[in-house]
Structures are given as C-alpha cells and as structure tokens.
Amino acid sequence: MASSGVSAHWRGLADLLAPHRRRYAVLGLVLGLASALPLVSPLIVGRVVDRAAAEAPVGELVWWAVGLVAVGLVSQAVAVGVAWFATRTAWQTTNELRLELAEHVLSLDHEFHRSHTAGELVQRIDGDVTAVSDFLAQVVVKVGGAAVTAAGMVVVLGVIDWRIGVAMALYVAAAVALVVRRRDSVVDESSDELGAYARLYGGIEERLAAAEDLRSNGGGAFAVRGFVDHSVACVGTAVARERSYLRVWREVNMGIASGGVLAIVAGAALVDQGAITVGTAVVVFQYSQLLRRPLEELMDQLQVIQKATGAMRRVLELRAERPSIVDGGETVPAPGALSVELDRVDFEYGDGEPVLTDVTLRLGAGRSLGLVGRTGSGKTTISRLVLRLIEATSGEVRLGGVALADVPLAELRRRVALVPQEVQLVAGTVRDNVTLFDDRVDDAVVLDALARVGLSRLADAGLDRELGAAGAGLSAGESQLLALARVWLRDPDVVVLDEATARVDPETEARLEAALDELVRGRTVIVIAHRLSTLRHLDEIAVVERGRIVEHDERDALEADPTTRYAALLRTGAELPELLA
C-alpha cells in the first residue's frame with residue numbers, strides 16, 4: 001500500500017511537470033551529452049596503457065594525454081552548464097507551482113482556513129515546494145546522468161567483449177534494484193518530519209500574533225513550553241528519518257564496494273586467460289568506479305529524495321483539497337439593493353454540534369437589520385452564510401430572491417461587502433491598503449473614499465505613505481475607517497457590519513457612525529453589535545439565542561413592548577452604567 005501511494009505521488013510529480021515538458025526535454029539532451037563525456041576518459045586511459053605496453057612512441061602517448069585533459073575540461077564545463085540550467089529550470093517550475101498553490105489555498109473556504117494556521121500553510125506552500133525544487137535541481141540531474149552513464153558503459157563494454165557487457169549489465173541492474181528497493185523505505189519518516197515542522201511554524205505564528213496578550217496575561221511560559229514541545233517533536237522525527245537513511249546508506253555502499261572488488265578480480269582473471277588486454281581491464285575497473293561515484297552521490301542525495309517524496313505527498317494532498325463552496329452560479333440578481341432571506345437554515349461545523357437550527361429570516365431590499373444576542377449565539381455564523389463563506393447544512397439562503405448557490409461568486413463578492421471587527425491591514429502604502437493592490441483604481445477615487453469615511457488627515461498625508469506590518473501607524477479606529485473606505489470603492493448593494501464599532505473610543509465611534517450612516521444609505525444592511533447604541537437607527541432587530549431566531553420585528557415595536565427580549569437588553573444596557581458608578 002505504501003509503495004503504491006509513493007508511486008502515485010511520483011506520477012503526480014510527472015503531471016506537475018507536464019506543462020514544462022519542453023524545458024525538461026532540452027535539459028535531457030544537455031544531460032545526455034554531459035553524462036556521455038565521462039565514458040571517453042577511461043577508454044583513453046585504457047588505450048594509453050595498451051600502447052605503453054606495446055612500447056609506442058612517447059609523442060603518441062603525449063597526444064593521448066592531451067586528449068585526456070581536453071576531454072576532462074570539456075566534461076567539467078558541460079557539467080557546470082547542466083547544473084546551472086537544471087537549477088534555473090527547477091526554480092522556474094517550482095515558482096509557478098508556488099503561485100498555483102497560493103492561489104489554490106486562497107480559493108479554499110472558511111472551514112479549511114479555520115483548521116490550518118497561516119504558519120503551517122506557509123511551510124507547505126514554500127517549504128515543501130522548496131524540497132521539490134531541490135529534488136529537481138540536484139537529484140534529477142544525478143539520477144538522469146547516472147542512467148545515461150550506466151547505459152553507455154554497458155554498450156561500450158558489450159562492444160569490447162559481450163561477456164564483460166553482460167556482467168556489467170547485471171552489476172548495474174543489481175545496484176539500481178538495491179537503490180530503488182530501499183528508496184521508499186523512509187518516506188513516512190520524512191513526511192512526519194515535514195509535518196512536525198509545519199506544526200512548529202504554525203505554533204510560532206500563533207504565539208507571535210498573540211504576543212501582547214501572552215505577555216500581559218503571564219502566558220509566556222505556556223508559549224515557550226509549546227515551542228519546546230513542537231521542537232522536541234521535530235527533533236524526534238528528524239532522528240527517526242536519519243536512522244532510516246543510515247540503514248539504507250550501509251546497504252547500498254556494501255553493494256557498491258562488492259562490485260568494485262568483483263571488477264578487479266574478474267579483470268585480472270580475463271587478462272590471465274588472454275581474453276582481454278591490461279588496458280581493457282583498466283577500462284572495466286574505471287567503469288565500475290565511474291558507476292560507483294553517481295551511486296554514492298545518489299546516496300548522499302537520498303535525504304533530498306526522502307524530503308522531496310514526503311513534500312510531494314503533502315503538495316498533492318494540498319492540491320487535492322477542494323472548497324466546499326462551489327462556484328457554479330449563472331444567475332445575476334437584479335441591480336440595486338437586494339433582499340436577504342434565510343429559509344429553514346441549519347448549520348454545523350462538521351462536529352455534530354448544531355450552530356444554527358431552523359433559522360428563517362427575511363430582510364427586505366434597502367432595509368437594515370440588527371442582530372443581537374450573547375457571544376456564541378450564532379450571529380456571526382448568519383453573516384458568514386449571507387457572504388457565502390460557509391454553506392448551510394440544510395435550508396436555503398437567497399439574495400434578491402436568487403439562491404446563493406446560483407449567484408456567481410465574483411458577482412456575490414462584488415454585491416455583498418463585510419466590515420469586520422478585526423481589520424486586516426498589510427505592510428504597504430495607504431493606497432495599497434485601500435485598494436488591496438488594485439492598480440486600476442484612480443487616485444481621485446481613493447482620496448474621495450478616504451474623505452467620505454473621515455480620514456481626510458490620512459489622505460492629506462499622501463496615498464504613498466508607508467504603513468508598517470498589520471497597519472502599524474494607524475489607531476484601531478483609523479483602521480476601522482480604512483476598512484469602510486475599501487467598501488466605498490466596491491459600492492456594494494448589501495453591507496454586513498460585524499461589531500464594526502466594538503474596539504473604538506466614543507469620539508471615533510461617532511466618526512464611524514457618521515460614515516456608516518452615509519455608507520448604508522440605499523443599501524441593505526445587517527449589523528452585528530453588542531453596543532446597542534449602534535442599533536438605534538436601524539429598521540429591524542432580530543434576537544439570536546442558541547442558534548435560533550427567537551425574536552424579529554420592527555425596532556420601534558420591540559422597544560415599545562417592555563416584555564420583549566430586546567427591551568430587556570436595552571434596560572440592562574441602561575442600568576449597567578449605574579451599576580458601575
């Protein structure tokens with residue numbers, strides 16, 4: 001089963017290389033020339049030995065020596081060219097693979113990213129592909145060269161004496177069989193090691209992201225302990241792989257040494273019988289050593305092969321991941337503000353625990369809705385369903401009367417926008433952070449968007465102002481306002497605000513609310529909020545409890561009825577300042 005799985009991985013590698021077949025065809029031709037040249041030198045040495053034994057003139061021997069040096073120089077020059085071309089070709093191929101994997105990972109949905117950390121994905125996209133690149137640049141050249149050299153030796157020796165040719169063919173077959181048989185013996189250990197490193201980098205990424213919380217809450221020891229545990233796992237898997245490699249190394253080197261001894265004994269016996277000359281015996285021995293060198297190099301590269309095999313397994317597994325959100329829609333909703341409907345929707349994250357149960361909700365086009373409820377009640381899950389970041393387990397979500405599954409994803413992303421609580425900013429200019437690196441957007445449009453959301457100060461400082469990593473240089477409120485500027489550029493028909501004012505001071509909240517008032521005008525709006533003051537201008541309120549809509553009506557009607565849950569929440573909010581006084 002394991003061998004079959006490994007073979008599938010190598011077939012997968014061949015599929016990945018198929019678009020680059022021309023590059024590798026040229027590499028094969030150059031490699032064939034480079035591998036054939038070393039076969040000439042032993043023939044020249046054998047000729048010199050035989051001519052010296054026949055007392056040939058010194059001048060003739062000198063010319064043979066000059067030819068030997070020339071062949072050696074040409075061989076070295078060609079070998080350097082092959083190494084350069086192979087490395088360049090490997091990096092071109094694997095860089096395209098990196099781009100493909102990055103695009104593929106970005107296309108995967110929320111559930112995939114919920115269970116994989118950013119550090120792990122960086123390791124899989126870059127670290128694993130680098131291991132494949134090392135394999136293509138180093139091992140493929142050595143294996144291909146060894147194959148051409150071995151085949152050439154068998155042919156040349158077969159022409160000299162068919163018995164020697166058969167013996168060399170058997171020796172080559174036995175050596176190759178030994179390497180091939182042991183090649184896949186440590187793939188599992190290599191895959192485990194790569195997985196351990198992915199978990200290590202994922203843990204580092206998580207702890208660096210939470211460094212401030214860990215320091216302020218005394219969690220440094222926990223972070224260090226987790227790092228140590230992951231490091232110990234990495235060392236353990238590396239030791240296991242190294243042990244397997246050493247076992248294989250011993251076996252193959254014993255086989256190679258035995259072949260060299262047999263070449264000397266057989267050559268001496270044939271010379272004694274008069275079947276071959278001393279020069280031919282020298283050729284046979286040198287050829288056995290010529291094969292020894294690429295096999296030893298192959299053994300030295302066995303760890304690269306192990307890592308590449310494990311990496312290929314993980315690369316193909318990543319490529320095999322498929323999003324649960326399938327873009328098969330062909331129906332475009334009517335232009336303008338859109339109604340939002342959830343019809344008997346259930347949802348769970350695959351663990352058997354329901355998050356939403358029988359949720360039915362209708363929000364008319366151009367209307368605004370506030371979702372309130374305790375943390376974990378299912379409010380954010382409803383917003384993710386509307387954005388189609390997740391798929392309902394059962395039931396249907398409709399936008400403008402069209403089932404979300406029937407709306408093209410590109411159209412959905414254009415028509416529905418999210419303003420999250422945690423704004424993601426990147427290292428780059430202000431313009432980059434507003435347009436998300438879209439060069440097609442005119443600067444005047446960007447400046448207008450910043451002005452509309454109250455970031456005139458930032459606009460006046462210049463769109464080319466550099467922001468640090470994670471938007472260093474901006475306050476939390478300014479980051480939130482910049483997220484609103486992104487929405488302005490998209491001009492969506494449905495806006496989802498997920499706790500957009502939860503982390504800002506009152507002054508910034510007022511600026512945010514003023515910007516929001518203008519942003520939501522003429523659009524359908526869903527607001528998730530714990531601050532009930534942000535809901536006072538909305539049309540409707542829905543109260544969510546334990547994954548169910550337990551109350552939904554006009555905001556004014558719910559406020560006026562003291563028996564409603566929303567009215568109770570308002571009273572609690574009004575009493576809280578008095579309790580804290």
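The following dialogue examines three helical regions of a predicted model.

Biologist: Why is H3 called roughly antiparallel to H4?

Modeller: The axes of helix H3 (residues 40-53) and helix H4 (residues 58-107) cross at roughly 170°. Angles over 145 degrees count as roughly antiparallel, and therefore H3 is given that description relative to H4. The axes come within 10 Å, and the crossing is left-handed.

Biologist: Which residues of H3 and H4 make the contact?

Modeller: Among them are Val40, Ile44 and Val48 of H3, together with Leu61, Trp64 and Leu68 of H4. By class, this contact of H3 with H4 has 9 nonpolar, 2 polar and 3 charged residues.

Biologist: What makes H2 oblique to H6?

Modeller: Helix H2 (residues 21-36) and helix H6 (residues 118-160) pack at an angle of about 55°. Roughly parallel requires an angle under 35 degrees, and roughly perpendicular covers 65 to 115. The angle of about 55° fits neither range, so H2 is oblique to H6. The crossing of H2 and H6 is right-handed.

Biologist: How do the residues of the contact of H2 with H6 divide by class, and what number are charged?

Modeller: They comprise 7 nonpolar, 5 polar and no charged residues. Gly counts as polar; Gly32 of H2 and Gly144 and Gly145 of H6 are among the residues in this contact.

Biologist: What makes helix H13 mostly covered?

Modeller: A residue is buried when its relative accessible area is under 20%. In H13 (residues 379-387), 7 of the 9 residues are buried, so the helix is described as mostly covered. The buried residues include Ile382, Leu385 and Leu387. H13 is followed by Arg388, which has a positive phi near 55°.

How values were computed. Residues are numbered from 1 along each chain as its sequence is written. This is a predicted model: local features need pLDDT of at least 70, side-chain atom pairs count only at pLDDT 80 or more; totals for chains, interfaces and linings use all residues. Side-chain values use heavy atoms; hydrogens and water are left out. Buried means under 20% relative accessible area, exposed over 50%, partly exposed in between (1.4 Å probe, protein chains only). Helices (H or I, at least four residues) and strands (E, at least two) are DSSP runs, numbered from the N terminus. Axes are lines fitted to C-alpha atoms, for helices over the stretch in contact, and angles run from 0 to 180 degrees between N-to-C directions. A crossing is left-handed if the near helix is turned anticlockwise from the far one by less than a right angle, and right-handed if clockwise. Contact means heavy atoms within 4.5 Å.
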